[in-house]
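Trainee: Please pick one sheet in this structure and take me through it slowly, strand by strand. I would like to see how its parts fit together before we look at anything else.

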Amino acid sequence: MLSDGVIIASALAYMGVLFGIAYYGDQRADAGRSIIANPYIYTLSLAIYCTAWTFYGSVGLAAKSGVDFLPVYLGPTLMAVLFWLVLRRIVRITKVHRITSIADFVASRYGKSSLLAGMVTVIVVLGILPYISIQLKAIATSFSLLRQYPVVAMPAFSTHQPFWADNTFFVALVLIAFAILFGTRHIDITERHEGMVAAVAFESLFKLVAFVLVGVVVTFVMFGGPSDLFQQAAARPELAALMRFGVVPGGYGGWLSLMFLAMMAFLFLPRQFQVLVVENVDETHIRKAIWLFPLYLFVINLFVLPIALGGRLIFAEGNVDADTFVLTLPMIERMPVLALLAFLGGLSAATSMILFETVTLSTMICNDVVMPILLRANPRWLAGRSDLSGLLLGIRRAGIAALILLGYLYFRFIGESYALVASGLISFAAAAQFAPPILIGLYWQRANRRGALIGLSGGFLVWAYTLLLPAMARSGWIGVGFVEQGLFGLELLRPYALFGLQTPDPYMHSVFWSMLVNVGGLVFGSMLSRPNAIEQVQGSQFVNVFERERHDGDALLWRGVVDTVQLHDLLARFIGPQRASEAFDRYLDGKDDYPLQADPQLIHYTERLLAGAIGAASARVMISSIMMGEVLSIEEVMTILDESTQVIEYSRRLEQQSRKLEAASAELREANDRLQELDRLKDEFISTVTHELRTPLTSIRAFSEILLANPDMEVEQRGRFLSIIVKESERLTRLINQVLDMAKIDSGRIDWRVEEIDLRALIQDAINSTSQLFHDKAATLREELGDRPVTIVGDHDRLTQVIINLLSNAVKFCPEQTGEVIIRLEPAADCWRIEVRDNGPGIAQDQHKLIFEKFHQVSNSLAGKPKGTGLGLPISQKIVEHHNGRIWVESDIGQGAAFIMELPM
Amino acid sequence: MAARRAITRKNNHNIPPERKRLATEENVDMANKILVVDDEPNIVLSLEFLMKQAGFQVRTASDGEVALTAIAAEPPDLMLLDVMMPRKNGYEVCQAVRANPDWKDIRIIMLTAKGREVEREKGLALGADDYITKPFSTQEVVERVRELLAGAG
C-alpha cells in the first residue's frame, strides 16, 4: 500500500507545495504586498527551531529519561521573555546597519573585521554539520522504516555499503537541488527571503498538526485516553519513573546548563538569527511572539510524554528505537495515512531546517570567507568584471551543495554513533559561543575586536576539544585514548573532566569551560588593548542604537576622493544597474545631476547598500579599492574623531553647566523668597507683640494719670480704677511670659523635663488652680477622670499649663451663672484623650484652625468679654505636639466648644 | 505736624481741675459731642472718663460697625478712633466717614498701639486729622481734642 513510489511521490508533492508557497511569497514581496508581514507568520517561522530533533528526538529522549526533554524548550521560552530587551535591540541594529547574517553582525560590531566574520563562519560551519547530519539521518531512517510498511523493523545501516546504494545520499542530493532552487533562485540577492519564510511558516504549521494528530491517535485510539495511558504506564515501575522529575541526570545543574544552551542556540544558531532578526519585517511583531511562540512550544510538547509512554508499552521488547515511535506507532496500528503524515511531518521539520540553515550559511561563506579572500587575492580581476551578481550566486550555490554533502559525510562517518539529541547539543554548544561577543557587545561599549577574537577562538577551541573531538573519537575516527587518559596522558587534560572538573554530563562541562574562556578572553582582551577608530564608532553605534538612530560618525572615516560614477558602477556590479540607479536617485533626491565627486555621506550610503549584498567587511574592502588618493590613516581618523568627540563633550559640558547655573539661581531665588517671607513674618510678629503689649499699658497709664490728677475721687470709683490697673498689669505680665515661652518653644531653647507623670493627678492640680475662676463665675465643673492613676511620660509643668489654659478658656467663655464645664479623661486607641467641654457661645467652623494661630482671637462683639493674650492655644498646641499628641476643637456657633487633646500612651 | 504742635504747646496745657468740670447740666446740649471707638473696654472707660471730665458729651462704640451706626444716628463733632478692631477697623471707618460729604466736619483722631511711622502716614492719608500713639498721655489727648475742636469752630 505504501510503495516506494507513493512515498517518494508524496514527499516530492509536499516539497512542490512548499516551493509553490515560496514562489507565491516572493511574487507578493516583489509586488510590495508581503504575506509574511504579520506577527503570526513571524511566530510560526520561529518554530524552525523545532527540527526533526523535536519531531523524533524528543520522544526518544522522553522514552529514556522522562521529562529530561523539556529544558531544550524551556530555554527558548525563557528567551522569549527577554525578547523585548535583547532581540529588539539586535533587530534595530541589524536594520540600521543592513546586516545580513550573524557573522556580519559580529564583524560589524567589532569594527567590520573580516577576520572575525570569517571566524564566525568557520565556527558555524563546523558547529552546524552535526545538526545537518541528524536531519539527514532522520529523513533517511524514517523513509527506510516507512517503505517496509506494514512491517516494523529497524533498518540496518551499514557504513560499508557504497554511498550510491545509500538512500541518505540521494536525500541529500534532492535537498541540495531544493535549497538552491529556494534560496538562490533570486538574482536579486539583497532581498530578504520572504518566500522561504512563508514556506517555513507553513512547515511549522504542518509538523505541528502531524505531531499532534499522532499524539491524539496514540492517546485516544490506541489507548483509552490519557488516564488509561498513564495508569498503564504507572503500573510498570521503569515507566513510572519517567513521569517523575527525579530521573533527570545531572540534577538541576544539568537542567540549567541545558536551558542555557537552548536559550543561546535559539538566538544564535544561524537560521534562528536569520528568521528572528534578518527576516523580521516589523519590530512590533516581537511583542506578539513573546507569548505566542512559547504557546507553540507548549502545544508541540504536549504529546511527547504520551507518545513515549505509549511506545514503551507497545514495543515492550525494546527492539524498536524510541526515536522512531512517532512513525512506528501509526504503522503498528495499521494506519498508513497517518504514518505517511507523520513521515511528511518529520520531513517537513528536517527540510525546513536544512534549507534555511544552508542558505543562510552559504551566504555567510560567500560574504565572509570567499569574497574577502577573492578581494584580497585579486581585486583587479574582480574590478574588471561588470556584473558580479552571477559570481555571488555561483559561490552561494556551491556553498549549499558543499554544506549538505559535508553533513552527509558527518552522518556517514560520525553521526551513526550518536543519538539525535547528542548531535544537536554539540551544535547548540557551538552556537552558544556567539553569545558573549554579541550580548556583551550590545551593552559594553569597550568590548573590542581583539577581545572578541581572543574570546571567540578560545571558546571555540575549548568546545572542539571537549565536545567535537570526543564525539569523533567515539566514532573511531581518532584514538579514544585522549578522552580517557587526557592529552599527552595528562589527567588534567581529559576532555570530559578538564582540570579535574567533574560534571554529570559533558555538555555542562563544556559550557562551563568554553564560556569561562570566551567571556574571560573578551573582557581581558578588550581591557588590555585600545580599540581603533572604526571599532569605537561601531561599538558606540551598537550600544547606543536606541539613543541615536542616525549617526554620521561612519562617514568621517571616508575622506578619499571618488567619482560618483565609479561609485555607482561599483554598486551596480553587485546589486544590478537598475537598482543602483534607483538607490542613487533616492539619495540625491530632487537634484538633476550627480555631483562629480561623491561626498563622504554618499560613500557611506553606498557602503551600506553594498553591505546588504556582500557583508560589511567586504563592502569596506570594495569601497576602499576604488578610492583615489588617500584612505584615512588610523591616526588621522583618531584625530578627527577625537576632535569631534571633544566638541561634543565640550558642548555637553557647557549645556550641563548652564543647566546647573539655572538650577542654582532658581534655588537662590527660592531661598530669597523664603527669607523675605520669614522677615515679613518676624516683622508682623514684632508688630503684633508690640500692639498687644501697648494695649494693657495704655489702660494702666491712663488710669494711673487719672488717679494722679484726681486725688479727691470717690473711694468706690478709685477702687474700680485701681483694680483695672492691677488686672491689666497681670495681663501684661502674663503676656510677657507667654511671648517668652513661645519664643523659647519656637527656637527650640526650651528645657523639657521628661519624667513619668500621673495624668489624672496632673489634671486634678490644674482644676485646683482654676477653682477660683469657676467660683467667681458661679460655673460648675464636672470631672470624669476615672478612678485610677494614668501614667505617661512627659513634662509635668508644661502639660499642667495646657490643662489650665483649656480650663480657663472654657470658664472664660461660659455664660454667667449657668456656666457648665466638663473635663474628661479616657483611653482611646493607643492614646489618652482629654476633653474640656463648655456651654459657651461656640466657635464657627472656619475659626477652628485659626484659633491655634498666634494672636488670633475669635472676634466677638459682645462687650465686656475678657480678652486673652492670643498665645494660650498656640503654646498649648506646641506643647501637645512636642509630646507627639494632637489637639483640636469640635464646636459650632451656639453649641459650646469641646477642646480635645490626645497624648500617646 | 500735629506731633510738633503738641510738643510746642506742652507748657501751657495746665488746666486747673475746676475748669475741667464745665460739663454742668445746663451746658450739656451746647457741649461738643465726642465718639470714643475702641474694642478694649478699659481704654474706652478711661477715655470716656477723660472726655466727660473735660466737659464733652460722650458716646462709645466697641467696634467699627457699631461706630458707623452711631455716627449715622447722630454725627459727633469728633471721634477718637482705634485702628485695630474687629469687624471694621479704624481705617475703614475713617474712609467711610470721609466718603460721606455730610460728615466732612467730623474731626477724627486715630489711636493706635502700632507705633510704626507707616501706620501714622496711612491714617493721615485716609483723612484723619490727628494721630495719637498708645499708650498716650491723658493730658495730651484732652489737649489735642480741644485744639482740633477750637480750630474747627
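Mentor: Let us begin with one detail, which is that Leu35(B) has Met79(B) in E3(B) as its bridge partner. Before going further, please keep in mind that this is a predicted model, in which local features need pLDDT of at least 70 and side-chain atom pairs count only at pLDDT 80 or more, while totals for chains, interfaces and linings use all residues. Residues are numbered from 1 along each chain as its sequence is written, and chains are lettered from A and ligands numbered from 1 in the order in which they are written.

The link between Leu35(B) and Met79(B) belongs to a wider pairing, for strand E1 (residues 33-37) of chain B and strand E3 (residues 78-82) of chain B run parallel and are joined by four bridges. Strands here are DSSP runs of E with at least two residues, helices are DSSP runs of H or I with at least four, and both are numbered from the N terminus. Two strands count as paired if DSSP finds at least two bridges between them. As general background, strands of a sheet pair through backbone hydrogen bonds, either parallel or antiparallel.

E1(B) also has E2(B) as a parallel partner, this time through five bridges, and within that pairing Val36(B) is matched with Thr60(B) of E2(B). To get from E1(B) to E2(B) the chain passes through helix H3 (residues 41-53) of chain B, and this β-α-β crossover is right-handed, meaning that, with the strands pointing away from the viewer, the path from the first strand over the helix to the second runs clockwise. E1(B) is mostly covered as well, with four of its five residues buried; a residue is called buried if 20 or more other C-beta atoms lie within 10 Å of its own, exposed if 12 or fewer do, and partly exposed in between, with C-beta atoms placed from the backbone.

Now step back to the whole sheet, which is open, has five strands in the order E2-E1-E3-E4-E5 (chain B), and is paired in the parallel sense. Strand E2 (57-61) and strand E5 (130-133) of chain B stand at its edges, and each has a single partner strand, so one side of each is left without a neighbour in the sheet. From one strand to the next the twist averages 20°, where axes are lines fitted to C-alpha atoms, for helices over the stretch in contact, and angles run from 0 to 180 degrees between N-to-C directions.

At the E5(B) edge, the partner is strand E4 (residues 107-112) of chain B, and these two pair in the parallel sense over four bridges; in that pairing, Met110(B) has Tyr131(B) of E5(B) as its bridge partner.

Finally, place the sheet within its chain, which has seven helices and five strands and follows the pattern α-α-β-α-β-α-β-α-β-α-β-α when chain B is read along the sequence. Of the 153 residues in chain B, 41% are buried. Among its contacts between residues at least 6 apart in sequence, 63% join residues at least 24 apart, two residues being in contact if their C-beta atoms, placed from the backbone, lie within 7 Å. For chain A, the corresponding share is 82%, and that chain has 33 helices and seven strands.
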